[in-house]
There are 2 protein chains.
Amino acid sequence: MAERGRPRGFDRQVALRRAMEVFWEHGYEGASLTELTAAMGINAPSLYAAFSCKEALFRESVRLYEQQEGLMVADAPTARAAVAGLLRAGALAYTEPDKPAGCMVVLAATTYTPKTEGIRDHLRERRRAASEQLRQRLEQGVTDGDLPPGVDTRALADYFTTVLNGMSTQARDGVGRAGLLAVADAAMVGWDLLTAGEAGRSEPSASR
Amino acid sequence: MAERGRPRGFDRQVALRRAMEVFWEHGYEGASLTELTAAMGINAPSLYAAFSCKEALFRESVRLYEQQEGLMVADAPTARAAVAGLLRAGALAYTEPDKPAGCMVVLAATTYTPKTEGIRDHLRERRRAASEQLRQRLEQGVTDGDLPPGVDTRALADYFTTVLNGMSTQARDGVGRAGLLAVADAAMVGWDLLTAGEAGRSEPSASR
DNA sequence: CCATTTCTGTAGTGATGACTTCAAAAGTCT
DNA sequence: AGACTTTTGAAGTCATCACTACAGAAATGG
């Protein structure tokens, strides 16, 4: 069995974690091969042998990020508690000391050059998946009976996803943990009215 | 009087507008000199003669963006109407047909490489200024008496700024005008509870 | 007219981007 | 041991980056 040939001189998982941290902080385009290899402690040929190309390394980094740092919809008895937990978890995660502020999936590739289109689409899909997961939890609330049947779970998920996305920018801008937790709480204040069946929907525009 | 020497062969304002659109869509680093000059209809030496360098061109583009496309805190009789108007204006502005989705100031430089630190700091400052403007309007509401004296205007401004920032990402991700307007309305639903003086603040979920 | 000033296009500058070539090194297999 | 396989470091490839040198073009002042 075993591996033939000269054995790899570095731990692939450790190197990947380092790469992920660089991407998290500097984004896809902002992370140069020079910086990546320096952080990973290896030379370019080793990187390419182990990870194929920069884009593949980034995709693996995203997967690792989601596993190790990503938010999970909280395991809670009600939809309300799950969403509140998610928002508060985001506030905490985006302000971890000694880690880059904000969410890698939200911040790593906001602008699109032709050559990074694949990256952008991939991250957008990951965000869409996260929003959909949230929506599913809201649907579960309807099934469980803690949300009324008529509630617009798509609109609700869009709203809370918007707040979470915005928290990433705010974290990068220096809003601290207490500030983001206050935002999370503020976003929950309207919950009862928002989830009151068709009520909120009939008021068009809320502008007056 | 008059200008000596060969007159400029292009309209500086028109060229700047084109440059701004490129930066808006592709961000600072994503906009190459090649693409910029192509969009502006000029060659590199003309660009440098008129705008000094890429960073100066970008800063001027940001100023133009804020003048022509930026959100203003709505001119409304109450703080509530002003904020509601601001959110709805954001939903509309970020989904203008034939314009890049989302806000240039939020999206043009989320990640920071060493060489774009100045750009990032400049945009962060612009965002901070926008948030501060919103906070001032809330303070005005306290002065006018349509908000109670104890209201935490900093926290409120942070919350609505977060929603606006998040709307930019959502717009880039394809959430349409109706979706963003629904988000704007959802963000306003908790207004009465949020602005009920010290009420919301006494719940100290923010510290754990 | 000529001198002066400023702009414009062509063509290049050095630096840095992602990625490779290649021979030596370091293992396994028989 | 020696054939084989794979990794590693040093150096190099080619494209693209922001930016510029330079000479000719197009205006004004005398």
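The legends below describe close-up views of a predicted model. Residues are numbered from 1 along each chain as its sequence is written, chains are lettered from A and ligands numbered from 1 in the order written. Local features need pLDDT of at least 70 and side-chain atom pairs count only at pLDDT 80 or more, while totals for chains, interfaces and linings use all residues.

**View 1. The surface near DNA strand D.** There are 25 residues around DNA strand D, where near means a C-beta atom, placed from the backbone, within 6 Å. A:Gly5, A:Arg6, A:Gly9, A:Ser46 and B:Arg6 come nearest. Two or more residues each come from H3 (44-51) of chain A, and from H2 (33-40) and H3 (44-51) of chain B. Helices are DSSP runs (H or I, at least four residues), numbered from the N terminus. H3(A) gives the largest share, four residues. By class, the surface has twelve nonpolar, seven polar and six charged residues; Gly counts as polar.

**View 2. Chain A against chain B.** 45 residues of chain A contact 47 residues of chain B (C-beta atoms, placed from the backbone, within 7 Å). On the chain A side, H8(A) gives the largest share, twelve residues. This side has 19 nonpolar, 17 polar and nine charged residues.

**View 3. The largest nonpolar core.** This core has 123 residues: buried nonpolar residues other than Pro, joined through C-beta atoms within 7 Å. Buried means 20 or more other C-beta atoms within 10 Å of a residue's own. Among those with the most contacts inside the core are A:Leu87 and B:Leu87. H8 (153-172) of chain B gives the most, nine residues.

**View 4. Around A:Leu87.** Beyond four places in sequence, A:Leu87 touches A:Phe160, A:Val163, A:Leu164, A:Ala184, A:Ala187 and A:Met188.

Methods: Two residues are in contact if their C-beta atoms, placed from the backbone, lie within 7 Å. A residue is buried if 20 or more other C-beta atoms lie within 10 Å of its own, exposed if 12 or fewer, and partly exposed in between; C-beta atoms are placed from the backbone.
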